[in-house]
Amino acid sequence: MMVTAVWGDWHTKMLLEMNIPTLLAPDNMPALSRQVDVTYVIYTREEDFDRLDKAPIILEMRRYMKVNVTLLKDVDLSNPIAAHHAAWAKGIDLARTAGMLALLMPPDVAWSSTSFKTVGQKLAEGHQAILMTYLRVEDKSFEKNILALRTAGSHSLAISGNDLVTLCVRSLHPLMAAYLRNSDYFPIHPEMMFWPVKDEGMVLRVLAREMFLFDPNKADLNAVALPNRPFKPGEACFIDDSDDLFAVSLAPLGTDLAWHVNRRTADPIDVGGWWLSYDSPVNDFVVSHKVRWHFAPVTEKKWQAAELASDLFIRRAAASREANRLWLRARHLGCRLAAKLIALSIYTGLAARVARGRKGNIVLLPSDGAFEAGGQGFVDALFDAKSPAVRSQLFKAHLVCEYDPVEAGEDPLAQLASLGADAEIGTVSGQVHAVKRRDNAIFVGGARVVSGPVSLGPHVVYIVDKVLEPARSMLTHAGARVAADPSGESVST
């Protein structure tokens with residue numbers, strides 16, 4: 001079930017003269033409708049009902065699918081964004097009741113000529129969720145250029161991905177340019193980032209994206225309308241090449257101006273903090289795709305160089321995001337000193353250098369007592385500006401990477417301890433610790449687990465009562481040095 005909410009002269013014109021004509025390209029909706037049954041629900045206000053329901057192009061659309069123009073009732077249209085989401089929610093409920101997939105279709109979008117043939121191919125491959133994103137253009141110049149391509153008397157408008165990208169670059173919205181990695185006015189809402197590929201296009205990385213096509217009877221969306229559970233293998237795909245699917249969204253020149261009026265550059269720490277505000281178990285799946293939007297043939301070497309640069313930034317931003325996640329939980333758990341150390345690691349860039357792997361981690365979080373047991377010099381050494389290596393070793397000594405919650409279960413340390421004398425884990429520092437159960441408690445390398453497990457996104461956290469080796473030895477030596485040189489500069493706690 002395809003769902004659109006539209007009202008007002010301009011949006012109605014864009015739906016009828018741009019959106020639907022591009023949908024009617026032979027390899028778009030005509031091709032998809034031969035493969036699956038499509039019902040198109042268009043929600044509108046009473047003033048626009050007849051214009052839509054009786055439009056010749058809607059009659060043409062009805063050759064390929066059911067088109068139901070429906071009055072939008074009990075929705076406050078004075079807030080267009082809220083009204084749009086309310087209409088989509090109605091359509092999603094309708095699709096859920098009918099046992100159909102839901103496809104959310106904005107009215108002011110133009111599509112490349114093979115977009116929905118690709119959607120059909122992905123459905124045939126078994127995908128039940130499809131994600132994509134739009135390039136935003138300045139509405140007036142783009143509208144003029146694309147409407148000039150329509151042939152008089154023809155209902156359809158077929159434009160290739162390359163040609164549509166070319167039109168977009170010529171009418172690129174300033175907000176899109178601000179999303180470039182080297183922009184001096186990087187937006188405060190960084191849901192995507194671009195890396196240019198000279199003379200050919202741009203690499204796009206998407207940090208968070210609402211669903212495009214999905215099964216509402218299987219989807220569980222969170223408060224920010226993002227999936228609340230990870231995708232199963234083969235369940236979802238992200239269409240990441242403009243040859244396969246490309247869509248452009250129109251917006252007035254001043255749209256979201258406040259997002260990029262202040263001078264700022266893209267910073268992995270800031271991006272990681274924002275990312276956590278739009279948290280979803282599928283975000284890493286989404287951002288793993290290196291979207292290629294190109295207007296010329298691809299020179300593989302040039303694109304791989306841009307993709308490598310994007311990988312580096314995304315890895316740092318993801319590490320910052322996860323460190324922020326752990327910082328919040330450490331505060332909640334009462335681990336005051338650990339929380340301050342994590343905050344320090346974020347803003348000095350240490351978190352990005354320590355993090356490893358793409359799966360979850362087992363985090364062994366020392367309690368305040370674990371630090372304080374070493375004495376004041378021991379604690380001071382944690383925050384000594386001259387000892388970044390000590391903090392690095394501290395984090396590595398308490399981080400077990402590549403933890404798979406599916407394989408290890410909800411309490412991996414208890415599961416390991418049940419194996420007996422040979423149970424052990426290895427930390428990022430390279431140290432291997434025995435995991436034992438003694439006196440109804442679990443011990444890791446001599447440290448007793450005093451709390452946990454606590455689920456934290458893809459991670460699991462335990463609080464331990466000792467600092468583990470080799471960090472403990474390094475801190476002991478550093479603490480002795482700090483105690484012997486009380487005039488040394490340190491970071492305030």
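This passage walks through the overall form of a predicted model and then through several of its helices and sheets.

The model is a prediction in which local features need pLDDT of at least 70 and side-chain atom pairs count only at pLDDT 80 or more, while totals for chains, interfaces and linings use all residues. Residues are numbered from 1 along each chain as its sequence is written, and side-chain values use heavy atoms, with hydrogens and water left out.

The chain as a whole makes a good starting point. Its secondary structure comes to 20 helices and 20 strands; helices (H or I, at least four residues) and strands (E, at least two) are DSSP runs, numbered from the N terminus. The C-alpha trace spans about 85 × 45 × 45 Å along its principal axes. Of the 493 residues, 52% count as buried, where buried means under 20% relative accessible area, exposed means over 50%, and partly exposed lies in between (1.4 Å probe, protein chains only). When contacts (heavy atoms within 4.5 Å) between residues at least 6 apart in sequence are considered, 76% of them join residues at least 24 apart.

Towards the start of the chain, helix α1 (residues 9-23) and helix α3 (residues 46-53) have axes that come within 11 Å and cross at roughly 20°. Such axes are lines fitted to C-alpha atoms, for helices over the stretch in contact, and angles run from 0 to 180 degrees between N-to-C directions. The two helices, α1 and α3, are therefore roughly parallel to each other; angles under 35 degrees count as roughly parallel, over 145 as roughly antiparallel, 65 to 115 as roughly perpendicular and the rest as oblique. The crossing of α1 past α3 is right-handed, a label given if the near helix is turned clockwise from the far one by less than a right angle, with left-handed used if anticlockwise. On the α1 side the contact is made by Asp-9, Thr-12, Lys-13, Leu-15 and Leu-16, and on the α3 side by Asp-48, Arg-51 and Leu-52. These residues divide into 3 nonpolar, 1 polar and 4 charged. Here Ala, Val, Leu, Ile, Met, Phe, Trp, Tyr, Cys and Pro count as nonpolar, Asp, Glu, Lys and Arg as charged, and the others, Gly among them, as polar.

Two open sheets come next. One has 3 strands in the order β5-β12-β7, with mixed pairing; two strands pair if DSSP finds at least two bridges between them. The edges are β5 (109-111) and β7 (135-138), each with a single partner strand, so one side of each is left without a neighbour in the sheet. On average, neighbouring strands of this sheet are turned by 30° against each other, direction ignored. The pairing of β7 with β12 is parallel and runs over 4 bridges, and Arg-136 has Ser-249 in β12 as its bridge partner.

The other sheet, also open, has 3 strands in the order β8-β9-β13 with antiparallel pairing. Its edge strands, β8 (192-197) and β13 (291-294), each pair on one side only, and the twist averages 25° from one strand to the next. There are 6 bridges between β8 and β9 (residues 201-206), with Phe-194 opposite Leu-204 in β9. Helix α12 (residues 300-332) packs on this sheet, touching β8, β9 and β13, and its direction makes about 30° with that of β9. Between β9 and β13 there are 4 bridges, and Leu-204 stands opposite Val-291 in β13. From β13, Val-291 and Trp-293 point one way and Arg-292 and His-294 the other way, and all are buried.

Helix α12 also meets α13 (336-347). Their axes come within 8 Å and cross at roughly 160°, which makes α12 roughly antiparallel to α13. This crossing is left-handed. In α12 the residues involved are Ser-320, Ala-323, Asn-324, Leu-326, Trp-327, Ala-330 and Arg-331, and they meet Ala-339, Ile-342, Ala-343 and Ile-346 in α13. The contact divides into 8 nonpolar, 2 polar and 1 charged residues.

Both α12 and α13, along with α11 (283-287), are included in what covers the buried residues of α10. Of the 10 residues of α10 (residues 268-277), 7 are buried, so the helix is largely enclosed by the rest of the structure. Among the buried residues are Trp-274 and Trp-275. By contrast, Ala-258, in the loop between β12 (247-251) and α10, is exposed, with a relative accessible area of 59%.
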